[in-house]
Amino acid sequence: MRRDQLEHAIRTACQIIDQSEVIVVGSQAILGAYDESQLPSAATMSIEVDILPIAETNDETARLADLIEGVAGELSPFEELHGFSIDGVDLDTAILPDGWRSRLVKVENANTAAAGGEPRFTGWCLDKEDLWVAKLVALREKDRNFVTALLEANLVDADVIASRLRTIPSERVASREAALTWLTASPNASGR
């Protein structure tokens with residue numbers, strides 16, 4: 001995936017749900033911090049953008065996520081036309097460290113605007129270390145490949161990640177400990 005495709009996904013998701021802002025929580029949130037030319041190929045392999053609608057209630061978030069999925073999700077005409085899909089997600093999709101909302105990276109430019117230039121829609125992408133934490137806590141093979149690629153490319157700070165991992169909610173202690181163990185054992189986590 002490329003940065004311009006992420007911007008297109010932000011614009012499309014906002015238009016589908018008639019909102020001015022969304023949050024990008026999946027792996028393609030890394031494109032908020034880096035252009036695809038700066039990233040290892042393992043970091044941009046996904047052809048799916050995970051979009052979290054911003055709403056007052058969990059039920060409303062789920063309803064808006066379903067709208068996005070229905071229009072631009074996997075196997076949709078949108079995916080067929082553009083070569084990527086938009087997955088509407090809810091707050092349970094990613095396990096995130098404390099304070100993640102205060103570190104979101106803003107993506108807003110001419111490419112996130114509607115035709116004619118207004119309104120400009122905003123995508124708030126997870127901070128690179130918060131994204132890394134979410135991916136490692138999930139600990140699927142594709143997530144391990146993603147986090148390894150970012151570590152090997154020195155695009156994330158292992159000390160920041162370790163600190164944030166320790167703030168994962170206590171009900172996820174097993175996932176947190178597994179992630180910390182993996183990070184500590186990683187040869188690419190300098191100083192660990």
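Which residues of α1 are buried? Let's start there, keeping in mind that this is a predicted model. The buried residues of α1 are Gln 5, Leu 6, Glu 7, His 8, Ala 9, Ile 10, Arg 11, Thr 12, Ala 13, Cys 14 and Ile 17. That's 11 of the 15 residues in the helix, which makes α1 mostly covered. As for its geometry, 15 residues at 1.5 Å a residue should span 21 Å, and the end C-alpha atoms of α1 are indeed 21 Å apart. Right after the helix comes Asp 18, with a positive phi near 55°.

Now step back to the whole chain. It holds 7 helices and 5 strands, and in sequence order they run α-β-β-α-α-β-β-β-α-α-α-α. The radius of gyration is 16 Å, close to the 16 Å that the globule rule gives for 192 residues, so the chain is as compact as a globular protein of that length. If you lay the C-alpha trace along its principal axes, it spans about 50 × 35 × 30 Å. Of the 192 residues, 48% count as buried. The surface left exposed is about 9,200 Å², with carbon and sulfur atoms supplying 46% of it. And when you look at contacts with a separation of 6 or more, residues 24 or more positions apart account for 68% of them.

Back to the individual helices, with α2 next. This one covers residues 58-72, and its 15 residues reach 21 Å from first C-alpha to last, close to the expected 21 Å. Its buried residues are Thr 61, Leu 64, Ala 65, Ile 68 and Ala 72. Looking down the axis of α2, you find these buried residues within an arc of 105°, so they line one face of the helix. Turn to the other side and you meet Asp 59, Asp 66 and Gly 70, which are exposed. What do the buried residues of α2 pack against? Their partners are α1 (3-17), β2 (48-53), α3 (77-82) and β3 (85-88), so the helix we began with turns up again here.

Thr 61 is a good residue to zoom in on. It sits in helix α2, and its relative accessible area is 4%, which makes Thr 61 buried. Leaving aside neighbours within four places in sequence, Thr 61 is in contact with Leu 52, Pro 53, Ala 55, Val 89 and Asp 90. There's also a pairing with Gly 88 to look at: Thr 61 and Gly 88 are 27 residues apart in sequence, with their C-alpha atoms 9.1 Å apart in space.

Buried residues turn up in loops too. Take Ser 27, in the loop between β1 (21-24) and β2. Is Ser 27 buried or exposed? With a relative accessible area of 12%, Ser 27 is buried. Its side chain makes a polar contact with the side chain of Gln 28, at 3.3 Å. Once neighbours within four places in sequence are set aside, the residues in contact with Ser 27 are Ala 43, Ser 46, Leu 131, Lys 135 and Phe 146. Two of those names lead on to another helix, as Leu 131 and Lys 135 fall within the 128-138 range of α4.

That brings us to α7, which covers residues 173-185. Its 13 residues reach 18 Å from the first C-alpha to the last, close to the 18 Å expected at 1.5 Å a residue. Arg 176, Ala 179, Leu 180 and Leu 183 are buried in this helix. These four cover an arc of only 100° around the axis, which puts them on the same side of α7. On the other side, Ala 174, Thr 181 and Ala 185 are exposed. The buried residues of α7 pack against α4 (128-138), α5 (141-152) and α6 (158-165).

Follow the chain past α7 and you reach Pro 187, in the segment after the helix. Here the picture is one of exposure, with Pro 187 at 77% relative accessibility. What is the C-alpha to C-alpha distance between Pro 187 and Glu 152? The two are 9.0 Å apart in space, and 35 residues apart in sequence. Glu 152 is the last residue of α5 (141-152), one of the helices that the buried residues of α7 pack against.

Terms used
Residues numbered from 1 in each chain as written. Predicted model: local features only at pLDDT ≥ 70, side-chain atom pairs only at ≥ 80, totals over all residues. Heavy atoms only, no water. Helix = DSSP H or I, 4+ residues; strand = E, 2+ residues; numbered from the N terminus. Expected span 1.5 Å × (residues − 1). Buried < 20%, exposed > 50% of the residue type's maximum accessible area, 1.4 Å probe, protein only. Arc of directions from axis to C-beta. Contact = heavy atoms within 4.5 Å. Rg over C-alpha atoms; globule rule 2.2 N^0.38 Å. Areas by Shrake-Rupley, 256 points an atom, 1.4 Å probe, with all protein chains shown as cover. Polar contact = N/O pair within 3.5 Å; in protein donor to acceptor, adjacent residues only side chain to side chain.
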